[in-house]
There are 2 protein chains.
Amino acid sequence: MSKVSSTVESVRGFQVAGVHAGLKKDGALDFSLVVSEVDCAAAGVFTRNKVKAAPVLLDMQRLEENPQSIRAVASNTISANACTGAIGLKNARATANLVADALSVVSEQVLVMSTGVIGTHLPMEKIARGVELASASLGSDWRAAAAGIMTTDTRPKLGSIRVDTAAGSYTIAGMVKGAGMIAPNMATMLSVLVTDAEAQLLDLNSSLSAAARQSYNRIVVDGDTSTNDTVLLLANGMSGVTVSSVEELEAFQDALNALTRYLAQEVVRDGEGVTKFITLKIVNAESEADAERIGQTIGASVLTKSAFYGSDANWGRIMAAAGRADVPLEPDSASLWVAAGESVSSDAPGLQIFSGGMPTDYREEDAAAIMAEASIAFTLDCGMGAGDATIWTCDISHDYISINGDYRS
Amino acid sequence: MSKVSSTVESVRGFQVAGVHAGLKKDGALDFSLVVSEVDCAAAGVFTRNKVKAAPVLLDMQRLEENPQSIRAVASNTISANACTGAIGLKNARATANLVADALSVVSEQVLVMSTGVIGTHLPMEKIARGVELASASLGSDWRAAAAGIMTTDTRPKLGSIRVDTAAGSYTIAGMVKGAGMIAPNMATMLSVLVTDAEAQLLDLNSSLSAAARQSYNRIVVDGDTSTNDTVLLLANGMSGVTVSSVEELEAFQDALNALTRYLAQEVVRDGEGVTKFITLKIVNAESEADAERIGQTIGASVLTKSAFYGSDANWGRIMAAAGRADVPLEPDSASLWVAAGESVSSDAPGLQIFSGGMPTDYREEDAAAIMAEASIAFTLDCGMGAGDATIWTCDISHDYISINGDYRS
C-alpha cells in the first residue's frame, strides 16, 4: 500500500467536473459531477439526523433499490434542499433526471448531494445550467470537482491512494467538503469516494461503514450534525483487479481507512475559523464506544474549545467534559497527558498533568509552551478497561462566530 | 402569592455576608456565608457530572447523614476544588471546620460550595481569612453575599418571594451564580435558597427537585455541565408558618417555582458574552422529556447560537438541531414560529416560518425584524404527542470566546 496522496491523478473509468452554475454570487465553482463510464456497485452512509435532506432520502432509496448500476453523483452548493418537503424531493429527482438525460443513462443510476442553507428550494434553472456545463467538461480535474462542493471551506480537499496487488494495481480516490456543522453520527459533510477496483456490494458496504467509523465519525468541529451528511463509495472495476479474498479485502480496507482518515482530518484542519488541530486519544475506557463518546464530548465542548483557542492549559475543562459524557468514568483512576504534535505514542504521551484524582506537580510554563503549538495531542487514560478511540477536533475562534453569525448574507 | 422581587429584605433567622478573602486579585468580594440561627432542614440537588468536585461530594454525604440540623453554607470563588482528589476532600472538610468553629456549631452542620478553576487546590489561608471576615460581618446584605459567589458573572443575582397564609406569611429567598459552564443535568452553577417556613424534609426534597426541573434544568448557556453544580434549600421554620397540607405545599411549590425560574433566567441573561435572550417553547413532542431534550439540543447548538448572535433568521439550524436530539421527530408534522419578546402564548406564537415539511411563504424582512430584537421566542410544534417544555437560552458571541480563551489569566 502506498501513502495517501493529496492529489488525484486519475481513476480508470471515472471522469469529473466542477463548474460555476450561478449558485454562488462570487462566480466560484458551485456544482460538481462524478461520472463512471460503466456501472458501479455503490455504498453509502448517511446522516442519522431525524431531519434528513431530500437528496439524502433519495440516495438512500436508490442505493436500496438499485445499488449495482450507479453511474454518476451530482452535487450542488448554496441550497441544502433540506426542510423542503415534497417540493424538495421533486427537485432532487429532477436534478437526477437532468444528469441522466445529459449522460444518456436512466435517472435511477444517478445520486445527488446538496449542501448550503437549510429551508431553501433548489434553484432549478441554475441546477440545469450546472448539469449542462459539467457534463460538457468532464475530465480529470478532481481539484475543480472538489472545489465545486465547497461552502465555507477555504480549500478543496481531495486525495488518493494506490494499492498494488499481484493482479495489478487499483486506486481509491475521493473528495470531501466540511467546514461547519461537523459532528459525529455521520460526522460529515459530503464525500464521494471512487475506486477502479471490483468488489462485491456487501464488501463495499461493510468496508465503507468500517472506514467511516474510524474517520468521519471521529471528527468534531462544532458538535452539530447536519441534515445532509453523505459519504458515497463507487466501485467500477475498470482496473481489472478484483477484491474478494480476505487478504484482498484487508488491503482494500487499510487503503480506504487511510484515505478517509486523511480526508476527515483535512475537514478538521479546514474547519470554520480553526487555528488549532487537536488529537484526543482516549485509552482504557470500559469499551471502544465509551472511549469514542468521551472523546466526542470533549471535542464538542465549546468551553474546552475556547481554552484551546486561548492556548490556555485549562485541562480541568477536559476532565469536566469527560465527566458529562454519560459513560462510566472514575476520576481517581484517570490520568491525562498533553504533548505537542498531531499524534503521540502510548509509550511517550508527553507531559502528565493529572493523575490519581489530582493535578501532578507539572510546571505551568511547560504546559503553556505545549498549548501554544498549532497541533496538540491529549492522552486520557481512563483506567477502566480496554476501550480505545482517537478523536480529531479543533478550537473555536472568533472567526467561527463571525462566519456563522452571518452565513446567509 | 406575591411577585418575585429582585431584592432580599431579610428572611427571619438567616444572616449572610459577602467578603473579600483575598482570592480575587482585584479586591472584589469572593467568599460568602449564609447562616441560620437555628437548625434547618435542608435539601440539595447536585451535578450529574461523573467528575464531582470535593464540595459536592461532601455536601451529598452530609445531606444524606445529617439533613435536619444544617446551620450554614460557605462558598468560595477562584478555585472549584474539583479534580483535587483526597487533598480536595480534606480542604472541603477543613473549610467546614473553620466555619463551624467560628459559629460554634459542629462541622457536620456546615455545607460548602466552590466555583472557579478546576484542578487547583483551595488556598486554605485565604479561606480561613474569608471565614473570619464573613462570620464577623453577618447581617442582611444579600447583595454582597450574592456578589461573593460571582465568577464571570457581571452582576449579583438574587431574589425573594413572600407567601401569605392564614397562619401568617413566610419568605423564600435565594441567590445564584452562573455565567459559563451552564447546561442541563443540574443546569447550574451554585445557588442557595432559604426559607423561614417550616417543612418536612421529604417535602423540601421533592419541592426542590420539582422546582429545579422547571428552572435550572431548563437553561442552557454553553452546553457544558459543571463539576460543581449545586442548589441548596434551607428551611428554618422561624416564620412560625408550617407547610404541610396539600394546599400549603402547592403554594410553597408555586412560590419556589417562580423564584427559581426567575433566578435561572437571570443566569441566562447574565451568561458569558450574552447579547440575546432566547425562549424555546417546544410543544406536542411525544413526551415532556422529549420536548426538554429537543429544546436543550437546540439551546446547546453553537451553530444555532451563532445565528442568533448574527440576528440571522437561519431557522434551518433549529430544525437540524431538533433532528439530532435523538428523540422521535417527523419534520413533515412539525411547525415553527418566531416572535419578539420573552414569552408567547400558544394562541399567538408569532410568525410561522415552517410548516408541513417546508418553509411557509413568510417575508424574509419580517423574520429579520424579529431576529434583530434582544429577546426572541421560538415555538416548535412537533405534532407528535402532548409533551411540552420551555427552555431558556442565549446566543454565543465573540465575548464568550474571549472570556473563555483566557479565563485563568
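Visitor: In which sense do β13(B) and strand β14 (residues 358-359) of chain B pair, and over how many bridges?

Guide: Happy to start there! Keep in mind that this is a predicted model. In a regular strand the side chains alternate between the two faces of the sheet. Here β13(B) and β14(B) run antiparallel, joined over 2 bridges. Within β14(B), M358(B) is the bridge partner of S355(B).

Visitor: How many residues lie between β13(B) and β14(B) in their hairpin?

Guide: There are 2 residues between them, and G356(B) in the turn has a positive phi of about 60 degrees. On to another partner: strand β12 (residues 335-340) of chain B also pairs with β13(B), in the antiparallel sense over 4 bridges. There S335(B) is bridged to S355(B).

Visitor: Now the two chains. What turn and shift lay chain A on chain B?

Guide: Two copies of a chain are related by a rotation about an axis and a shift along it. In this model, a turn of 180 degrees with a shift of 0.0 Å along the axis gives an RMSD of 0.0 Å. That is the relation of a two-fold axis. Among the residues of chain A, H398(A) comes closest to the rotation axis, with its C-alpha at 2.8 Å.

Visitor: And how many residues of each chain are in contact?

Guide: 57 residues of chain A contact 56 residues of chain B. On the chain A side, α9(A) gives the most, with 7 residues. By type, that side divides into 25 nonpolar, 23 polar and 9 charged residues.

Visitor: Why can we say the copies meet through the same surface?

Guide: Because 98% of the interface residues of chain A are also interface residues in chain B.

Conventions:
Residues are numbered from 1 along each chain as its sequence is written. Chains are lettered from A and ligands numbered from 1 in the order in which they are written. This is a predicted model: local features need pLDDT of at least 70, side-chain atom pairs count only at pLDDT 80 or more; totals for chains, interfaces and linings use all residues. Two residues are in contact if their C-beta atoms, placed from the backbone, lie within 7 Å. Ala, Val, Leu, Ile, Met, Phe, Trp, Tyr, Cys and Pro count as nonpolar, Asp, Glu, Lys and Arg as charged, and the others, Gly among them, as polar. Copies are superposed by least squares on the C-alpha atoms of residues with pLDDT of at least 70 in both. Two strands pair if DSSP finds at least two bridges between them.
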